[in-house]
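User: Please take a close look at one helix in this structure. I would like to know how it is built and what it sits against.

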Amino acid sequence: MTWKESNKICIVGVPMDLGQGRRGVDMGPFALRYAGLEARLEALGYRVTDLGNLEVPGPEQDARSGEGGLRHLETVARVNRALAECCAGVARQGAIPIALGGDHSMAAGSVAGIRAVERIGLLWVDAHADFNTPSTSPSSNLHGMPLGALIGQEPAALAPYLDDGRLAPEDVVILGLRSLDREERALLREQKVRVFSMREIDAHGIATVMRQVLEHFTWRGLDRLHVSFDSDSLDPVIAPGVGTPVPGGLSYREAHLIMEMLADDSRVGSLDVVEINPILDDRNHTADLCVELVASLLGQSIL
Ligand SMILES: [Mn+2]
């Protein structure tokens with residue numbers, strides 16, 4: 001289903017911050033709801049069901065998970081399996097799943113769930129590539145690994161459901177990239193993931209870049225797209241409340257045009273919005289902005 005074919009949306013929250021070192025992004029789902037996500041989507045004509053939040057322990061209750069290996073890996077893998085099942089169920093019912101994070105490690109669950117239902121192209125909008133493995137990551141934080149896991153890198157447990165076929169690297173596009181770890185860069189260069197960094201956006205403009213993104217998915221024969229939107233893709237000046245801010249991000253209008261061009265293209269059928277950190281935010285501005293962007297993606301237009 002794409003947003004043009006279905007008027008049903010199911011929201012699920014994943015209040016998880018186990019994939020990174022700093023507290024706060026576990027409150028992202030609440031911030032997005034407080035910013036009026038449901039009412040905004042209903043005003044666009046959707047029937048919205050909020051499925052509530054998945055159960056996620058805090059780091060204090062989860063100290064033993066991943067012992068001897070990656071912190072919290074077992075728990076994040078368990079949450080991701082539950083999220084995959086939830087998103088797959090929503091997609092099978094012909095509704096559009098929107099997963100609210102939480103740190104980005106959860107996207108290995110949502111994407112794997114949708115992928116089990118249908119072949120999708122994945123647009124990863126992010127300042128980072130999230131392409132590390134346990135051996136390349138300087139921090140060992142799981143939120144730096146979900147995209148790699150989705151195309152078959154370790155830790156494989158992060159991405160459940162993939163016996164049905166993992167994502168081909170060629171079916172993935174990263175947009176807005178501006179921060180890579182050294183060995184992560186080498187890994188990414190070996191793979192056939194298409195990358196449009198901030199440099200391409202600066203040089204050619206976001207409209208040209210977005211046309212190339214959409215042409216790439218067309219060339220791959222993809223008629224369903226999943227958008228995994230990391231709020232740190234936005235410039236910290238307009239989005240201060242994010243997990244890992246990096247200067248030089250998407251402007252307000254660039255971000256809206258991305259969403260508007262995706263809406264016009266009408267292949268998007270599922271979405272994550274992740275890494276909002278209300279503790280670092282300024283009066284919930286970042287969540288407000290993300291709600292506006294979701295509305296743009298799902299059909300709100302100026303005229
Ligand atoms: Mn990310």
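**A close look at helix H8**

Analyst: Gly221, just after H8, takes a positive phi of about 70°. This comes from a predicted model, and the account below works back from that glycine to the helix, then out to the sheet and the chain.

Helix H8 covers residues 206-219, which is 14 residues. At 1.5 Å a residue, H8 should span 20 Å, and its end C-alpha atoms are 20 Å apart, so the two values agree.

Which residues of H8 are buried? They are Ile206, Val209, Met210, Val213, Leu214 and Phe217. These residues cover an arc of only 135° around the axis, and therefore they lie on the same side of H8. Glu215 and Trp219, on the other side of H8, are exposed.

The next point is what the buried side meets. The buried residues of H8 pack against four strands and two helices that can be listed by name:

- strand S4 (121-125) and strand S5 (172-177)
- strand S6 (194-197) and strand S7 (225-230)
- helix H7 (198-204) and helix H9 (252-265)

The strands in that list belong to a wider arrangement. Eight strands form an open sheet, in the order S2-S1-S3-S8-S7-S4-S5-S6, with parallel pairing. Strand S2 (47-53) and S6 are the edge strands, since each pairs on one side only. From one strand to the next, the twist averages 15°. H8 packs on this sheet, where it touches S4, S5, S6 and S7, and the direction of H8 makes about 170° with that of S6.

In general, strands of a sheet pair through backbone hydrogen bonds, either parallel or antiparallel. One pair in this sheet shows the parallel case: strand S1 (residues 8-14) and strand S3 (residues 96-101) are joined over six bridges. Within that pair, Ile9 has Ile96 in S3 as its bridge partner.

Now the setting of H8 in the whole chain. The protein chain has ten helices and eight strands. Its C-alpha atoms fill a box of roughly 55 × 40 × 40 Å along the principal axes. For 303 residues, a compact globule would have a radius of gyration near 19 Å; the chain has 17 Å, which agrees. Of the 303 residues, 55% count as buried. Among contacts with a separation of 6 or more, 75% are between residues 24 or more positions apart.

To return to the helix, the buried residues of H8 share one side, and H8 packs on the sheet.

Methods:
Residues numbered from 1 in each chain as written. Predicted model: local features only at pLDDT ≥ 70, side-chain atom pairs only at ≥ 80, totals over all residues. Expected span 1.5 Å × (residues − 1). Buried ≥ 20, exposed ≤ 12 C-beta atoms within 10 Å, placed from the backbone. Arc of directions from axis to C-beta. Contact = placed C-beta atoms within 7 Å. Rg over C-alpha atoms; globule rule 2.2 N^0.38 Å. Pairing = 2+ DSSP bridges. Axes fitted to C-alpha atoms, helices over the stretch in contact; angles between N-to-C directions.
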